[in-house]
Amino acid sequence: MRKIGLTRTANLLPRLRGGLTGGIGQALQVVLRLAEEEGRALYLVGGGLRDLVLGREQVDIDLVGEGGMRSLAEAAVAALGGRWLEHRAFGTVTVEGQDFRLDLAMARAERYARPGALPRVRPASIGEDLARRDFTINAMALALCGRQRGQLLDPFDGRGDIARGLVRVLHDRSFIDDATRILRAVRYETRFGFGIDEKTLALLKRDLAYLDTISSARLQHELLRLLAEDEPEKGLLRCQELGVLAAIQKPLRFDDELAAAFRRARRAGQAPPQPELYLSLLGTRLSPADAEAVALRLAFSKRQRQALEGAAELAQLLPWLSQADVRPSQMVERLECYPLFAVEAWVLVASPSTSVQNLSCYLSEWRYVQPSLDGRALARLGIARGPLTGGVLQLLKAARLDGQASSRQEEVELVRGVLAGRVEVPEAEAGAE
Ligand code: ATP
């Protein structure tokens with residue numbers, strides 16, 4: 001396993017302070033002073049602490065303390081301004097001002113009534129709070145104030161696992177209690193270049209079927225988090241290898257070619273691709289019926305669903321797009337029914353062919369083509385405003401696309417042909433004007 005250089009425990013607090021910029025540093029200082037005055041300890045926990053141990057400076061600040069957080073939040077708002085918001089179900093309070101936002105959580109223990117259910121929560125000690133967490137690397141706490149200030153609470157040897165580069169669950173029922181941890185394990189493993197500990201891996205494989213107990217919304221949330229990683233293809237390849245994708249929904253799959261297409265998608269754009277483009281790429285491997293089933297299982301939004309299903313449906317159009325007698329205007333008319341993500345996905349994933357060439361032309365050129373004449377110009381030429389206008393505009397657009405008109409003057413000639421009855425006008429679609 002990879003050896004990782006860790007921040008020494010004594011350096012964690014200075015490093016944390018060094019990484020805090022803007023209002024958050026000042027807000028944290030005030031909250032810690034107020035907590036000291038109340039005689040209570042606050043701890044940095046979760047991913048922020050893991051990243052700090054890993055040597056990162058700028059980390060998310062998730063704070064946990066024992067007991068209710070309301071009085072501390074009220075005092076913080078009185079001192080700092082801003083407002084506080086309580087999320088009762090989890091015992092967390094968010095304090096936010098103009099240039100900071102701090103989450104204060106009450107240490108809690110959790111009990112799972114049945115696999116996959118949201119846990120029952122009760123106030124607990126910091127030790128119990130750490131014991132409810134997903135992996136050892138996320139189950140540490142750094143005391144920021146109080147008697148233990150500067151000490152690292154690390155009951156499961158998270159620090160050791162970070163050094164060894166291992167993702168390890170805290171107990172044997174972890175994936176049964178909450179199978180979203182399966183996706184989380186893969187996410188951390190691939191993000192940090194870690195490995196999943198051997199026993200954890202056996203448990204993960206044993207408990208794959210428990211993914212069925214997870215609600216669509218939670219499953220979707222974790223999958224989108226995987227897609228939001230810098231290199232999501234690594235996690236998806238691993239999910240494929242471990243059988244995670246098939247356990248989510250049978251036909252869902254990922255392969256090396258899709259991974260290459262994911263990388264091309266990132267190289268092609270200036271900003272990281274939107275998740276919908278990745279979903280469209282996944283859709284290129286699905287039949288329309290399977291894509292619909294996946295979208296349903298993951299409770300996708302309309303936009304996400306269209307991206308996935310659109311790509312699956314577009315597969316059926318590919319042979320037609322390569323036929324020599326199909327005109328660009330006909331292709332545009334059909335392609336306009338598909339989300340752009342789906343078209344982009346096929347360009348990224350398919351090997352060079354006439355269809356792909358046409359899809360590329362559609363993306364870079366054809367979809368922008370419009371006639372020079374508009375409704376008003378047509379009226380001046382004698383086309384009465386009404387349904388005919390839409391039809392003539394469509395005719396002119398098609399003429400432009402198919403190379404039958406390349407200038408305004410040639411469009412005018414075509415309109416004259418219409419008026420003289422020499423040129424037939426297609427029936428306009430509703431709203432084509
Ligand atoms: P990231 O680095 O991707 O933002 P994170 O480690 O901060 O991830 P979050 O999902 O924001 O993770 O959750 C914060 C902390 O809450 C985690 O570090 C972990 O300790 C705990 N946690 C989150 N989800 C679970 C879960 N499903 N089961 C147990 N503990 C969890």
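**Largest pocket and ligand shell**

In the predicted model, helix α8 provides the largest share of the lining of the largest pocket, namely 6 residues. This pocket encloses about 1400 Å³ of space. Its lining comprises 41 residues, of which R108, R132, R133, R184 and R225 are the closest to the pocket centre. Two or more lining residues are contributed by each of α3 (46-53), β2 (62-65), β4 (92-97), β5 (100-106), β6 (108-111), α8 (180-192) and α10 (216-227). Sorted by class, the lining holds 19 charged, 12 nonpolar and 10 polar residues.

The ligand sits in the largest pocket. Two elements, α3 and α8, give two or more residues to the shell around the ligand. The greatest contribution to this shell is that of α8, with 6 residues. In total, 15 residues surround the ligand, and R50, R187, Y188, R191 and R225 come nearest. The shell consists of 10 charged, 4 polar and 1 nonpolar residues.

Polar atoms of the ligand are paired with several side chains. For D178, an N or O atom of the side chain is 2.8 Å from a nitrogen atom of the ligand. A nitrogen atom of the ligand also lies 2.8 Å from a polar side-chain atom of R181. In the case of R191, the distance between an N or O atom of the side chain and an oxygen atom of the ligand is 2.5 Å. The ligand taken alone exposes 590 Å², and 78% of that area is buried by the protein.

Conventions:
Residues are numbered from 1 along each chain as its sequence is written. This is a predicted model: local features need pLDDT of at least 70, side-chain atom pairs count only at pLDDT 80 or more; totals for chains, interfaces and linings use all residues. Side-chain values use heavy atoms; hydrogens and water are left out. On a 1 Å grid over the protein atoms alone, a cavity is a set of points where a 1.4 Å probe fits but cannot get out, and a pocket is an open set with protein on both sides within 12 Å along at least five of seven lines; lining residues have an atom within 4 Å of a point. Grid points are joined across faces, edges and corners, and a volume is the space filled by probe spheres set on the points. Helices (H or I, at least four residues) and strands (E, at least two) are DSSP runs, numbered from the N terminus. Ala, Val, Leu, Ile, Met, Phe, Trp, Tyr, Cys and Pro count as nonpolar, Asp, Glu, Lys and Arg as charged, and the others, Gly among them, as polar. A residue is near a molecule or strand if one of its heavy atoms lies within 4 Å of it. A polar contact is a pair of N or O atoms within 3.5 Å; within protein, one must be able to donate a hydrogen and the other to accept it, and residues adjacent in sequence count only if both atoms are side-chain atoms. Accessible areas come from the Shrake-Rupley method with a 1.4 Å probe; for residues, only the protein chains shown count as cover. A molecule sits in a cavity or pocket if more than half of its atoms lie within 2 Å of its grid points.
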